[in-house]
Amino acid sequence: MKKELNIISMEGEVLLKDNLVRSSILPHTAAELDRDVTIMGDTVVEGALYAHKLGIENGDVDIKGALYTQLELHVSTTAKGTVVMRKSVASSDAVTSFAKECNLMFMADINAKKVRLTHAFVAGSIYADEIQLDDCVVIGGVFSTKSIDLKNCVVGTFNSNSVFIEGTCFLLLPSAFSGMPLEVAEGTKLFNLSLADLGAIYKGTPEMDNTGVIAMDVKTDEQKTMLSEEQKTMLVYSYSVAGKVLAADLVDFERLQNHFLIGATAMGSQILRNYDLGMGADGSKAVIVPEKVAAMFFDILHGTKTIQQIDGKFSIQELAAKIPGII
């Protein structure tokens with residue numbers, strides 16, 4: 001049984017274990033600005049949390065308010081159980097976790113100088129100078145001012161000066177961007193899920209025809225664009241299947257539920273209500289639950305849930321026939 005704490009206010013380090021904290025953990029004096037917080041496990045914090053350094057040694061942990069650290073948020077490599085951050089997470093320096101056996105979930109955006117995560121789910125986006133992700137799912141975008149390193153990840157999109165990918169990676173949106181040509185390790189596979197019937201996969205129902213995952217070729221799908229502003233010009237490399245998605249939207253009459261699924265998952269902690277995708281294969285409503293969405297994408301990433309593959313090709317004649325007045 002958790003010990004209930006209503007007010008946290010002390011200058012020294014705060015240690016939490018088997019606690020339910022009803023209030024926020026915020027500094028009230030200048031001395032408390034340098035206060036570290038360590039969570040040993042089995043703790044719920046219902047308010048916001050500020051710490052010079054926050055260490056999480058083990059789950060289960062649920063932080064329901066916004067989180068900010070002056071130095072670092074660090075999840076122990078040996079941590080197990082579930083660790084959930086319900087609102088935005090920010091750090092002046094780093095957000096770090098290499099815990100492969102921890103179910104780490106960020107339900108909103110992450111903003112820090114350095115973000116290094118292993119086996120984590122992010123319902124929002126990541127903003128940082130340097131980002132390193134291994135076996136992660138990011139529903140939003142991965143945006144970095146310097147570099148991004150992706151290994152076996154599902155991400156909405158990415159944009160950075162330098163991007164390196166390896167293993168098997170998936171994009172949820174049609175396009176991604178880099179300031180320099182994409183660096184790809186030998187044997188890397190890049191796929192796009194823009195035309196996959198994610199709603200059907202989530203519900204366990206048959207996928208619609210002409211939907212599926214598209215294999216991307218870094219060389220053939222690479223496009224160079226010059227951006228100009230006043231006297232400055234910048235070369236951007238984009239990796240896109242946007243033309244194939246546009247064509248499919250015109251050819252297929254049935255609409256996918258991908259944007260709704262992703263949007264409801266990303267906004268879940270803000271809108272405070274659940275949406276559903278209709279009836280699932282078992283006859284019950286397929287309610288959009290972030291934990292279930294995370295499990296679906298990890299199953300796709302790990303190959304335990306397969307998606308039919310399409311090549312994304314289309315004919316101009318077929319496309320023109322769907323547009324009145326063209327022919």
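How far is the sulfur of C136 from the closest cysteine sulfur, and which residue holds that sulfur? The closest cysteine sulfur belongs to C153 and lies 5.0 Å away, which is too far for a bond. A disulfide is a pair of cysteine sulfur atoms within 2.5 Å, and the structure holds zero of them. C136 is nonetheless buried, at a relative accessible area of 1%; here buried means under 20% relative accessible area, exposed means over 50%, and partly exposed lies in between (1.4 Å probe, protein chains only). C102 likewise counts as buried, with 1% relative accessibility.

The model is predicted, so local features need pLDDT of at least 70 and side-chain atom pairs count only at pLDDT 80 or more, while totals for chains, interfaces and linings use all residues. Residues are numbered from 1 along each chain as its sequence is written, and side-chain values use heavy atoms, leaving out hydrogens and water.

For a first overview, the chain has six helices and 27 strands. These are DSSP runs numbered from the N terminus, with helices (H or I) of at least four residues and strands (E) of at least two. Of the 327 residues in the chain, 47% are buried. Among contacts (heavy atoms within 4.5 Å) with a separation of 6 or more, 30% join residues 24 or more positions apart. The chain exposes about 16100 Å², and carbon and sulfur atoms supply 52% of this area, as computed by the Shrake-Rupley method with a 1.4 Å probe, with only the protein chains shown counting as cover for residues.

Strand 16 (residues 154–160) is a good place to look inside. Six of its seven residues are buried, so strand 16 is largely enclosed by the rest of the structure. Two strands pair if DSSP finds at least two bridges between them. Strand 16 pairs in the parallel sense with strand 15 (residues 137–151) over five bridges, and there V142 stands opposite F158. Two bridges also join strand 16 to strand 18 (residues 168–171), again running parallel, with V155 opposite L171. A parallel pairing with strand 19 (residues 175–178) likewise has two bridges, and in this case N159 faces F177.

F177 appears again in the surroundings of S238, a residue of strand 24 (residues 232–240). S238 touches A176, F177, D221, E222 and Q223, leaving aside residues up to four places away in sequence. With a relative accessible area of 7%, S238 is buried.

Elsewhere, V89 lies in strand 8 (residues 89–91) and counts as buried at 3% relative accessibility. Beyond residues up to four places away in sequence, V89 touches L67, L73, V95, F106, D109, I110 and N111. One of these, L73, is 16 residues from V89 in sequence and 9.0 Å away in space, C-alpha to C-alpha.

Two helices complete the picture. In helix 3 (residues 258–266), the buried residues are N258, L261, I262, A264 and T265. They lie on the same side of helix 3, because they cover an arc of only 165 degrees around the axis; the arc is that of the directions from the helix axis to the C-beta atoms. An α-helix has 3.6 residues a turn, so residues three or four places apart point the same way.

Helix 5 (residues 290–302) has 13 residues, and its end C-alpha atoms are 18 Å apart, in agreement with the 18 Å expected at 1.5 Å a residue. That expected span is 1.5 Å times one less than the number of residues. Buried residues in helix 5 include P290, V293, F297 and L301. Helix 5 is followed by G303, whose phi is positive, near 85 degrees.
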